[in-house]
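Visitor: Please give me a close look at a single part of this structure, explaining each term when it arises.

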Amino acid sequence: MASAKLITSEVVRHTPWPMLGFVHELNVENRKLRLEIAALQAKLNQNSANSNKPPSSDSPFKPRAKKTNKTEPRKKRIGVRQQCLRPTEITELHPGPCACGCPDLIDPEPYYIHQHIEIPEPRLDVEHIILYQGRCSRCGRMVKALVPPEKRTGFGPRLSANIAELCGIHGDSRRAVQDYLLSVFGLPISQGGIQKVIDRVSQAIKPHYDSIAKVARNAPVGHVDETSWRRKAKLVWLWVLASSRAALFMIHPRRSKAAFEELVQGWSGILVADGYAVYRQWVGLRQACLAHLIREAEGLAERKDAALAQCGTWARDELRRLCHMAKAPPTVGEWRAFIARLHRLISIYGDRKDPAGRLVRHLEREMEHLWLFLQEAGVEPTNNLAERTLRFGVLWRKRSLGTASESGDNWVERILSLRQTCKIQGRRTFPVLVDAMAAAFQTRSPNLDWIQALLIP
């Protein structure tokens with residue numbers, strides 16, 4: 001290092017004065033290029049763990065690094081246990097003679113129920129309605145019988161609900177549903193016929209969508225997020241307002257304050273969202289998503305620059321501790337120590353002009369919105385609820401590349417809202433779709449009691 005300084009001073013001493021300015025410019029340009037290379041390298045190393053990029057954008061060739069932070073609570077895996085269903089047939093099996101040869105048993109009693117499940121052979125109930133016509137004996141006018149209104153479409157409520165379940169609830173393509181109906185039920189149907197069924201189902205569940213919208217806009221805590229969508233290859237946005245009661249989806253041409261206001265429509269609850277500027281203008285109570293901030297700090301902690309990495313590691317660890325307080329509330333001493341460390345972090349890096357300074361200044365601006373979850377019941381420290389709710393819509397966009405019409409937008413909004421609300425409530429969607437289609441065919445109102453009950457606090 002000393003020799004490098006001597007060489008530098010020797011070069012400067014023997015460099016003509018006009019060349020010194022040129023050398024200075026080269027040094028400034030070199031420093032600038034190094035910063036740009038570091039920024040580009042950091043951007044190249046971004047993934048879903050250290051930035052706001054979705055998990056689907058991660059490279060499949062790079063394995064995810066295992067978390068080694070012991071302060072972060074371990075997530076419990078929730079399995080699905082086999083449930084004992086209501087039997088349609090009961091078979092009693094009694095043991096044979098004992099190994100000693102005695103055939104008589106004293107007080108036999110059941111000790112175990114083995115459940116065997118099978119579905120009946122798939123079949124279609126096909127009804128041929130033969131229409132007659134005849135000529136009036138008095139005036140000679142031809143009189144024709146008419147198909148009942150509930151059977152004019154040619155597809156009953158359960159078949160229509162089945163198609164909607166496959167296309168909307170499970171996100172299968174029209175061709176996949178076409179192949180399924182032909183393979184399982186032996187039903188030949190065109191993709192245009194499937195689309196007509198979907199349009200009828202979309203219209204039938206509009207009352208459900210309107211009721212879900214009321215529930216979502218009446219929740220005390222709301223999680224909001226948005227993602228890109230495509231309508232005829234043009235960029236639009238899929239918004240969601242989710243709560244512990246319901247989830248409301250909306251497709252809007254803009255990602256703006258006007259779109260956000262159209263989504264919430266006068267709702268004044270506690271907002272949980274990321275750091276998008278529109279959300280930061282919320283006049284009510286707001287909880288900033290700590291997961292977004294942790295990922296941002298994680299990206300900074302992976303920088304090669306020691307100062308940036310130290311700041312990112314410090315901020316990441318403090319935010320993780322804060323997030324962990326949702327399940328383990330801190331003592332007074334722990335809280336004071338946390339606040340002291342956070343203020344110390346801001347005071348050290350707050351004046352820097354690099355990404356470390358931008359991060360801590362962002363934390364300083366969001367200070368009053370970082371720990372609202374410790375003060376208000378029902379508030380979560382992250383916006384994971386909205387992100388998980390929006391995930392199926394993201395997968396839908398990747399499969400179908402969006403929609404092509406306003407009716408397609410309506411179908412996506414309505415079926416996603418119904419799907420996610422039923423999932424939140426632990427309710428099966430197929431019976432709801434069957435009832436909606438039966439009500440539409442019979443020109444009556446569908447059963448909305450289960451949704452309206454969610455309005456009761």
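Guide: A residue is called buried under 20% relative accessible area, exposed over 50%, and partly exposed in between, with a 1.4 Å probe and protein chains only. The model is predicted: local features need pLDDT (the predictor's confidence in each residue, from 0 to 100) of at least 70, side-chain atom pairs need 80 or more, and totals for chains, interfaces and linings use all residues. Numbering starts from 1 along each chain as its sequence is written, and side-chain values use heavy atoms, without hydrogens or water. The mean pLDDT of the protein chain is 86, with 85% of its residues at 70 or more.

The part to examine is the sheet. Five strands (DSSP runs of E, at least two residues, numbered from the N terminus, as are helices, H or I, at least four) make up an open sheet in the order β5-β4-β3-β6-β7, with mixed pairing (at least two DSSP bridges between two strands). Because β5 (247–252) and β7 (286–288) each have a single partner strand, they stand at the edges, and one side of each has no neighbour in the sheet. On average, neighbouring strands of this sheet are turned by 25 degrees against each other, direction ignored. The axes behind such angles are lines fitted to C-alpha atoms, for helices over the stretch in contact, and angles run from 0 to 180 degrees between N-to-C directions.

Consider next the strands from β3 to β5. Nine bridges pair β3 (residues 221–231) with β4 (residues 234–242) in the antiparallel sense, and Val224 faces Leu241 in β4. Between β4 and β5, also antiparallel, there are six bridges. These two strands form a hairpin with four residues between them, and Trp237 stands opposite His252 in β5.

Strand β5 is mostly covered, as six of its six residues are buried. Side chains in a regular strand alternate between the two faces of the sheet. In β5, Ala247, Phe249 and Ile251 point one way, while Leu248, Met250 and His252 point the other way, and all are buried. Helix α6 (residues 206–216) lies across β4 and β5, at about 110 degrees to β5; contact here requires heavy atoms within 4.5 Å.

Aromatic rings also deserve attention. Rings of Phe, Tyr and Trp (its six-membered ring) pair when their centres lie within 6.5 Å; planes under 30 degrees apart are stacked, over 60 edge-to-face, and the rest tilted. The structure has eleven aromatic pairs. Tyr180 and Phe185 are edge-to-face because their planes stand at 75 degrees, with ring centres 6.1 Å apart. Tyr180, at 33% relative accessibility, is partly exposed, and so is Phe185, at 21%. Trp314 and Tyr349, with centres 6.5 Å apart and planes at 80 degrees, are edge-to-face as well. This pair links distant parts of the chain, 35 residues apart: Trp314 lies in helix α10 (residues 306–324) and Tyr349 in helix α11 (residues 332–349). Trp314 is partly exposed at 22%, whereas Tyr349 is buried at 5%. One aromatic cluster consists of Trp239, Phe260, Trp267, Tyr276, Tyr279 and Trp282.

Finally, there are zero disulfides (cysteine sulfur pairs within 2.5 Å) in the whole structure. The sulfur of Cys289 has its closest cysteine sulfur in Cys323, 8.4 Å away, which is too far for a bond; Cys289 is buried, at 2% relative accessibility.
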